[in-house]
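Please open the structure in a viewer and keep the selection tool at hand. The stops below are meant to be followed in order.

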Amino acid sequence: MKKEIIKEIENGHLLKKYGSWMYCDGCNQTVGYLCYTTYSYFNLKYKCKCGNEGCFKLWNKNNLETKINGDNLIKIKNRLCCPSDKSPLFSIVENRLERYEYQVICQECNTEYKSSH
Ligand SMILES: [Zn+2]
Ligand SMILES: [Zn+2]
């Protein structure tokens, strides 16, 4: 199925069109990295240590399958990955952020993972 990404980004920007480094617009520092081939839905809300609050929301318009609820992501070399197929999804620069929460759906297995810190 064709991947057609819709995005809503507030107070931040991406290095590339649908992924790569995520920057905070308040301080221009990186807050995370999004792998652009492996998600079908991604939503990160954060409060940066500079005081800026932002959000990155991107999703594949053509993904109409019903999602499965997942457990926890696993960390492989700093990258948060899907535990069932090991797809690398994203990473967070934790020491730049005061708080953050995310919701992500792995394109490979259609499983949703969410967490807040
Ligand atoms: Zn910032
Ligand atoms: Zn998966």
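Which residues of the largest nonpolar core touch the most other members? This model is predicted, and in it the residues to select are Phe42, Leu44, Tyr46, Phe56, Phe90 and Val104, out of the 25 residues in that core. The elements that give two or more residues to this core are β3, β4, β5, β6 (53-60), β10 (88-92) and β11 (97-106). As a general background, nonpolar side chains tend to be buried together in soluble globular proteins.

**The whole chain**

Next, display the chain as a ribbon. The chain contains twelve strands and zero helices. The C-alpha trace spans about 40 × 25 × 20 Å along its principal axes. A compact globule of 117 residues would have a radius of gyration near 13 Å, and the chain agrees because its own value is 13 Å. Buried residues account for 42% of the 117 residues.

**The six-stranded sheet**

Select the strands β2, β3, β4, β10, β9 and β8, which lie in that order in an open sheet with antiparallel pairing. The edges are formed by β2 (12-14) and β8 (74-76); each has a single partner strand, so one side of each is left without a neighbour in the sheet. From one strand to the next, the twist averages 25°.

Begin at β2, which is joined to β3 by three bridges, the two strands running antiparallel. A hairpin through five residues connects β2 to β3. Here histidine 13 stands opposite tyrosine 23 in β3.

Now move on to β3 itself. Four of its five residues are buried, so β3 is largely enclosed by the rest of the structure. Four bridges link β3 to β4, again in antiparallel fashion, and tyrosine 23 stands opposite threonine 30 in β4. These two strands form a hairpin with five residues between them, and asparagine 28 in the turn has a positive phi of about 65°.

Continue to β4 and β10, which pair in the antiparallel sense over three bridges. Select glycine 32 and isoleucine 92 in β10 to see two bridge partners.

**The first zinc site**

Which residues coordinate the zinc ion (ligand 1)? Select Cys24, Cys27, Cys48 and Cys50, whose SG atoms lie at 2.3 to 2.4 Å from the ion. In sequence, these donor residues follow the spacing C-x2-C-x20-C-x1-C. Cysteine 27 is in the loop between β3 (20-24) and β4 (30-34), whereas cysteine 48 is in strand β5 (residues 39-48), so the pair ties together parts that are 21 residues apart in sequence. The four donor atoms subtend angles of 105 to 114°, which makes the arrangement tetrahedral.

Are cysteine 27 and cysteine 48 buried or partly exposed? Cysteine 27 has 24% relative accessibility and therefore counts as partly exposed. Cysteine 48, at 0%, counts as buried.

**The second zinc site**

Finally, select the zinc ion (ligand 2) together with Cys82 (SG), Asp85 (OD), Cys106 (SG) and Cys109 (SG), which coordinate it at 2.1 to 2.3 Å. Along the chain the donors are spaced C-x2-D-x20-C-x2-C. Aspartate 85 belongs to the loop between β9 (79-81) and β10, and cysteine 109 to the loop between β11 and β12 (111-116), so the pair ties together parts that are 24 residues apart in sequence. The arrangement around the zinc ion (ligand 2) is tetrahedral because the four donor atoms subtend angles of 96 to 119°. Aspartate 85 counts as partly exposed because its relative accessibility is 26%.

Technical notes: Residues numbered from 1 in each chain as written. Chains lettered and ligands numbered in written order. Predicted model: local features only at pLDDT ≥ 70, side-chain atom pairs only at ≥ 80, totals over all residues. Heavy atoms only, no water. Donors = N, O, S within 2.8 Å, 3.2 Å for Na, K, Ca; no water. Tetrahedral: all angles 85-135°; square planar, octahedral: opposite > 155°, others 65-115°. Buried < 20%, exposed > 50% of the residue type's maximum accessible area, 1.4 Å probe, protein only. Core = buried A, V, L, I, M, F, W, Y, C linked by side-chain atoms within 4.5 Å. Pairing = 2+ DSSP bridges. Axes fitted to C-alpha atoms, helices over the stretch in contact; angles between N-to-C directions. Rg over C-alpha atoms; globule rule 2.2 N^0.38 Å.
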